[in-house]
Structures are given as C-alpha cells and as structure tokens.
Amino acid sequence: MINFLPLQQINASFEPELSAAVQRVVRSGWYLRGEETRCFEAEFARYIGVRHVVGVGNGLDALTLALQAAAQKQAWAPGSEVIVPAMTFVATAEAVLRAGFVPRFADVDDRALLTPETAEAVVSERTRAIVPVHLYGHPAPMTDLMAWAAERGLFVLEDAAQAHGAQIDGRNVGSWGHAAAFSFYPGKNLGALGDGGAVATADGELAERVRLLANYGAREKYVHEVAGVNSRLDELQAAALRVKLRRLDADNEARRGVARRYAEKICNPCVSLPYGGDAAQSVFHIYPLRSPHRDALMRHLAAHHVETLIHYPIALPDQPALRAVAAPFSPSAPVARQWAAEELSLPISPLLTERETDAVADAINSFQP
Ligand SMILES: *Cc1c(COP(=O)(O)O)cnc(C)c1O
C-alpha cells in the first residue's frame, strides 16, 4: 500500500533531534509561554519575513483571533461580512462566524483560488475583509488581491495553513496580507506533534491584540483588559517545530520533485494535472488531480494499493452547518462545486520515492472509465 501521508516515517526522519527537543522540554519543568515558544516565534518570523509572529493553539484560532483583533482595531460594525472562497477547509469560514461576522462565499478560479474577479462578484457595502486561501500549497494572486482590497479599504487575512514556505516573486506567503494565519496540524507541510498555530503580521498593534486575546485578555497576570480565550502554542510543540522548520525548504523542494515526476509520468486523457503541470510556485501540501470520473478512479487506485483522499468533497456553500448562516444571495460558485465533484489528492510527501511515484502514475495510466 502506498499511504497518502506516512506521518510516522516523516517524524522518524527527524530523529534523534526531534526526541531530544521533546526531552529538553520535559526536563525543563516549563511547558507554556517560555523560551521555546519565544524562539520559535522569532525564527518563524525571520523565515516568513514578517516582524511579528504570535503562537496560538491551532489554525482555526489563528484565523479567528486575527479577525477579532482587526475588527477591534478598525471597529467593524455587527453584521459585517468577510469574503471567503467557496472551496477551502471549513475552518476558513468557521473563523468568520466565531469572530462574530458573516461569511460571504466567492467562487474560485481553475486553480481553486480566490481572485479579484470572484471577490468582486460578491463584495457589498458591508464587506470589511477578505480571506484568500493558498489552497493545496499554491499561492493566491496576492499582488492583484492586495491592490483590489486597497481600493475598497478592506482588511486582508491570508489563510496560509497549507502553504508554509510558498513564495510569490521571492517573497513568502504570510507576508503579503495585513495578517496571516498558519496551522501546524501534524499533517501540514510544517507539522507539530499535536495542535498548533500562529498569526503573522507586520502590524505591532495587531500582534499585541492577538496576544492579549489569546491569553485571557491579560497582559499582566490577573489583570484582564478584554474578554479573551485560552489559545497557546505550547513549549513541546514549539520545540518540535524549531527542529522541523530547519528542513522545511528542503522538504518543500522534495514535494516539488514528486509533483514534477507525476507531471512527467501521468498520461491519461481522463485526468487533468494541477496548474497545467507547472510545479514552480506550489509547495504541494496537496497534489490535486481532477477527473470527471473521480470516484471510479479513486476505487481503481485503491484496488492498485494507492491511498487517495478528496479535498474537499463538499463546497462550503453546500455545507449543512454553513448554508443557513452565510450571507444571502451568494452566487452559485459553479467552479468551486466542480472542484468538489472532480478533485482527487494523490500521495505526496518529502519521503515518497521515485519508485512509489511511478507506481502511482502507472496505476493512473491504466485507468479506463
Ligand atoms: C488545516 C487548515 C486550517 C485549520 O487548522 P487547524 O490547525 O486544524 O485548526 C485552516 N485553513 C486551512 C485551509 C487548513 O488547511
């Protein structure tokens, strides 16, 4: 069986440094808000190229707290809307709801990304922000989105949960928007040994507000300035992430190598390759194939011992939890729905061998609907 993501092997490849880092924290007697977290925040900020990184409990909290901090700073009215792409993980929209605002779904383009054109179709006088998602590890068109948002005075929060280390014109995602949210869920390109997340921003006041909200609204112990939550990146996760950050660029390059080989070897008129086979910009958190015969192809690959997944089988406007609470009159998001019907994620990881990559490609090439 070729596993979708062999997490045990991936983390084993960081030994003995990974276990040494964990042991260092266990023995230190200090588990929250300490040196490891401070160092990771500084190292990740330098890596991304932003002034401030605030570690939080997970990616959903990073998105939620960044929106809450922006809303407080800019005094968004109740009922304000935030534009979210219709094809993404549910967290992008749930963060808007948890922050107290209304998600408005925009369609995506043929790379499953939000664009100025799809955002323009749903913007209203109540819109205060947009959340472009670098879905599957491919950067959203940030230059165009920032220019479009600036004309309308909108706040831009990047959802970079799938794109650690991806770049546009040599500049990392997470440094383009007014703020960015990262997740360190174990399966992400930079994954912890449990939950973790971070907000990145150049705005010192925004970073301070996120820090305050994430720490029970307290700057000083037992003095609570605002109502906050408990959302912390802990010392164990920070120590593990410091070890894994050092290899992130090499790991992303290995993922691109797998993607290039897939593009070379896969030849079947029933499937289309992501980004027209051009692997340069993506960090390939996901390798998203498309096929009108997706479900049959998935069964065929399983029979050939290739594990695949679907990201995501339901577009957000069709999610039962979101249908009732999103802004009304969203257009139908046909491209997002087509992604939901056709997407199939192939195995991809820094450890996937050429032999395994070729075996996956051969299995795809032998598929007939
Ligand atoms: C993983 C992910 C999140 C949420 O991260 P968690 O750490 O699981 O809360 C948000 N957005 C996207 C696009 C993701 O892939």
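This passage describes the ligand site, the empty spaces and some backbone features of a predicted model.

The ligand is surrounded by 14 residues, of which the closest are Gly59, Asp159, Gln162, Ser183 and Lys188. When this shell is divided by class, six residues are nonpolar, six are polar and two are charged. Two helices, H4 (residues 59-74) and H5 (residues 91-98), each contribute at least two residues to the shell around the ligand, and the largest share, amounting to three residues, is that of H4.

Several polar contacts to oxygen atoms of the ligand can be described in terms of the residues involved. A polar side-chain atom of serine 183 is placed 2.7 Å from an oxygen atom of the ligand, while for glutamine 162 the distance between an N or O atom of the side chain and a ligand oxygen atom is 2.8 Å. In the case of leucine 60 the contact is made through the backbone, where a polar atom lies 2.9 Å from an oxygen atom of the ligand. The ligand taken alone exposes 380 Å², and 91% of that area is buried by the protein.

The space that the ligand takes is the largest pocket of the model. The volume of this largest pocket is about 580 Å³, and its lining is made up of 28 residues, among which Phe89, Gln162, Tyr185, Lys188 and Tyr312 are the closest to the centre. Gln162 and Lys188, listed here for the pocket, are also named among the closest residues of the shell around the ligand. By class, the lining of the largest pocket comprises 14 nonpolar, ten polar and four charged residues. At least two residues of this lining are supplied by each of H4, H5 and strand S8, the last of which spans residues 179-183.

Apart from the pocket, enclosed space was also considered. A search of the whole structure finds two cavities of 30 Å³ or more, and the largest cavity holds about 100 Å³ of space. This largest cavity is lined by 13 residues, and those closest to its centre are Ile10, Lys188, Asn189, Lys244 and Arg255. Lys188 thus appears in the lining of the largest cavity as well as in that of the largest pocket. The cavity lining contains six nonpolar, three polar and four charged residues, and helix H1 (residues 7-12) and helix H10 (residues 248-265) each provide at least two of the lining residues.

The backbone, finally, shows certain features in loops. Glutamate 15 and proline 16 are joined by a cis peptide bond, with an omega of about 5°, and proline 16 is located in the loop that runs between H1 and helix H2 (residues 17-28). Another cis peptide bond links histidine 311 to tyrosine 312, where omega is about 10°; tyrosine 312 belongs to the loop between helix H11 (residues 294-303) and helix H12 (residues 320-323). Tyr312 is also one of the residues closest to the centre of the largest pocket. Alanine 75, which is not a glycine, has a positive phi, with a value near 55°, and is situated in the loop between H4 and strand S2 (residues 81-85).

Key: Residues are numbered from 1 along each chain as its sequence is written. This is a predicted model: local features need pLDDT of at least 70, side-chain atom pairs count only at pLDDT 80 or more; totals for chains, interfaces and linings use all residues. Side-chain values use heavy atoms; hydrogens and water are left out. A residue is near a molecule or strand if one of its heavy atoms lies within 4 Å of it. A polar contact is a pair of N or O atoms within 3.5 Å; within protein, one must be able to donate a hydrogen and the other to accept it, and residues adjacent in sequence count only if both atoms are side-chain atoms. Accessible areas come from the Shrake-Rupley method with a 1.4 Å probe; for residues, only the protein chains shown count as cover. On a 1 Å grid over the protein atoms alone, a cavity is a set of points where a 1.4 Å probe fits but cannot get out, and a pocket is an open set with protein on both sides within 12 Å along at least five of seven lines; lining residues have an atom within 4 Å of a point. A molecule sits in a cavity or pocket if more than half of its atoms lie within 2 Å of its grid points. Ala, Val, Leu, Ile, Met, Phe, Trp, Tyr, Cys and Pro count as nonpolar, Asp, Glu, Lys and Arg as charged, and the others, Gly among them, as polar. Grid points are joined across faces, edges and corners, and a volume is the space filled by probe spheres set on the points.
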